[in-house]
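Let's take a walk through this model together, one neighbourhood at a time. Keep the viewer open as you read.

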Amino acid sequence: MRVLAIRDSRALGRAWPLAELAERYRLSERDYRIFSRFHRFESAWLAPEAGLPQLLAAALDGLPPAAPSYLCYSHSLHDNSARGGRLLAELARRYRSAPERLAVSQGACASGALALRWLQRQLRPGEQAVWLAGEKCFHPMVQYVGQTACFGEAAAAVLLEASIGPGWRLVRAESAVIGGFASRLVATSREQENRYDHAFLPAMAALTARALAGAGIGPEAVAAILPYHVSPVSFDRLAELSGIGRERVFREHLYRLGHCFCADAFINLGSPALGAALTPTRRFALALAAGITGSLGALLFEYREEA
C-alpha cells in the first residue's frame, strides 16, 4: 500500500509556547519543570478558533483529487464530535462517488495503526483510500498528561493506493496489547500505572522486533524511528533497547507540536526533513503508537525512488 500524499491542518492555529500552555491549563510548577527541563517540550499546536470538522476539512483540502473506496477516520476517543456519525458523512460529500465510511477508535492513540492494518488487507489493486486523524483538546483529560505530554490539535489526511510506485509504501502494520488497562479512562491507580510503565518498554520492543522480522530486515536498515510526541526520554530508551540507537529518533516535531493523537505518525512521515535520514542502506522508517488502554502499534514504511 503506497502513500500518494500527506497533508495536515497546520494552516489553522499556531504553536502555543509552553509558558502559554502553563497559564491556559494551570499547570503545576512541578509539571512545568518536568516538561521544560526533563522532556524539553517547547510548545503544542492548537487551533482554538477551529472546530473538529474544520480541522479535518483543512487536511483533506490539501490532497489531490481522488476517488477513494474508503474514507477511514482513526481517532483516540470513542465519540469526539457533537454531531457523532454525521461528521464522516459530511466529509464524504466532497467525493463524486461516495466512499465507504468507517471509524476506528478502540485502540485509543494506536487506532491509526489498527486502521492501516485493516486497509492494507482490504484494498484491491488500484483502489484508493483516504485516512484521517485529528482531535480537539476540549477537556482536561485530552489537554495534557502530568509529567508526560501536552496534546496538539494538528489533523492529518493521507491518500493511499494499493499499487507499486515511487515514494513511501507501508511494508508492515503490526499491533499488540498490554492486557488489563481497558478502564484507565474511567479509573486508575498508582499500582496500575506502575505496572503499565514496567510493561511498556519490553512490549514495544517486542512489537518493533516483530515488525522488522516480518519485513525480513534488521535494525540496521531503519533510517528513523518516528515517535508519537510523548516522553522523548522513553523513545531514547526504546531505540537503544531495539538496537536502532537514539540518534535515529526523528525529532523534527517531537518537542514543538504536542501529541496529536493518531496523527503523529503521518505528520512525521510527511516531513521533508525525514529525507535527510535516508541512505542507500537505510530506506525504512518505523512509526510507533501507543494508546492509554494498552494498545500498541508499529508501522514500517519503505522509501523507494522508483517502482
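A good place to begin is Leu 55: setting aside residues within four places of it in sequence, Leu 55 is in contact with Ser 9, Leu 12, Ala 47, Ala 50, Glu 135, Lys 136, Glu 153 and Ala 155. Please keep in mind throughout that this is a predicted model. Leu 55 belongs to helix 3, which covers residues 52-61. Is Leu 55 buried or exposed? Its relative accessible area is 0%, so Leu 55 is buried. For a sense of scale, try picking Leu 55 and Ala 213: their C-alpha atoms are 37 Å apart in space, and the two residues are 158 positions apart in sequence.

From Leu 55, step over to Gly 13. The C-alpha atoms of these two residues are separated by 9.5 Å, with their positions 42 residues apart along the chain. Gly 13 sits in the loop that links strand 1 (2-8) to strand 2. With a relative accessible area of 39%, Gly 13 is partly exposed, because that value falls between the 20% limit for buried and the 50% limit for exposed. Which residues does Gly 13 touch, apart from those within four places in sequence? They are Trp 45, Leu 46 and Ala 47. Ala 47 also appears among the contacts of Leu 55, which links these two stops on our tour.

Next comes helix 1, residues 18-25, where the buried residues are Leu 18, Leu 21, Ala 22 and Tyr 25. Looking down the axis of helix 1, you will find these buried residues within an arc of 105°, so they line one face of the helix. What do they pack against? The partners are strand 2 (14-17), helix 2 (29-38), strand 3 (43-46), strand 7 (144-145) and strand 8 (149-150). After helix 1 comes Arg 26, with a positive phi near 55°.

The pairing of helix 1 with helix 2 deserves a pause. Two packed helices are described by the angle between their axes and the distance between the axes. For helix 1 and helix 2, the angle is about 160° and the axes are 11 Å apart. That angle makes helix 1 roughly antiparallel to helix 2, because angles over 145 degrees count as roughly antiparallel. The crossing of helix 1 and helix 2 is right-handed. On the helix 1 side of the contact are Leu 18, Ala 19 and Ala 22, and they meet Tyr 32, Phe 35 and Ser 36 of helix 2. By type, the residues of this contact comprise 5 nonpolar, 1 polar and no charged.

Strand 7 and strand 8, which we met as packing partners of helix 1, are joined by a loop that holds Gln 147. The backbone is worth checking here: Gln 147 is not a glycine, yet its phi is positive, near 70°. Gln 147 is partly exposed, with 37% relative accessible area.

Another loop, between strand 4 (70-74) and helix 4 (86-92), contains Leu 77. Leu 77 has a relative accessible area of 17%, so it is buried. Beyond its neighbours within four places in sequence, Leu 77 is in contact with Ser 105, Glu 135, Phe 138 and Val 142. Glu 135 is one of the contacts of Leu 55 as well. Leu 77 and Cys 262 lie 185 residues apart along the chain, while their C-alpha atoms are separated by 10 Å.

Our last region is around helix 7. On the way in, the loop between strand 11 (222-226) and helix 7 holds Ser 231. Ser 231 has a positive phi near 45°, although it is not glycine, and its relative accessible area of 12% makes it buried. In helix 7 itself, the buried residues are Pro 232, Phe 235, Asp 236, Leu 238 and Ala 239. Down the helix 7 axis they fall within an arc of 165°, so they too line one face of the helix.

Leu 238, located in helix 7 (residues 232-241), has 2% relative accessibility and counts as buried. Leaving out residues up to four places away in sequence, Leu 238 touches Leu 201, Met 204, Ala 205 and Leu 288. Phe 301 is 63 residues from Leu 238 along the chain, and their C-alpha atoms are separated by 18 Å. Finally, just after helix 7, you will reach Gly 243, whose phi is positive at about 80°.

Terms used: Residues are numbered from 1 along each chain as its sequence is written. This is a predicted model: local features need pLDDT of at least 70, side-chain atom pairs count only at pLDDT 80 or more; totals for chains, interfaces and linings use all residues. Side-chain values use heavy atoms; hydrogens and water are left out. Buried means under 20% relative accessible area, exposed over 50%, partly exposed in between (1.4 Å probe, protein chains only). Helices (H or I, at least four residues) and strands (E, at least two) are DSSP runs, numbered from the N terminus. The arc is that of the directions from the helix axis to the C-beta atoms. Contact means heavy atoms within 4.5 Å. Axes are lines fitted to C-alpha atoms, for helices over the stretch in contact, and angles run from 0 to 180 degrees between N-to-C directions. Angles under 35 degrees count as roughly parallel, over 145 as roughly antiparallel, 65 to 115 as roughly perpendicular and the rest as oblique. A crossing is left-handed if the near helix is turned anticlockwise from the far one by less than a right angle, and right-handed if clockwise. Ala, Val, Leu, Ile, Met, Phe, Trp, Tyr, Cys and Pro count as nonpolar, Asp, Glu, Lys and Arg as charged, and the others, Gly among them, as polar.
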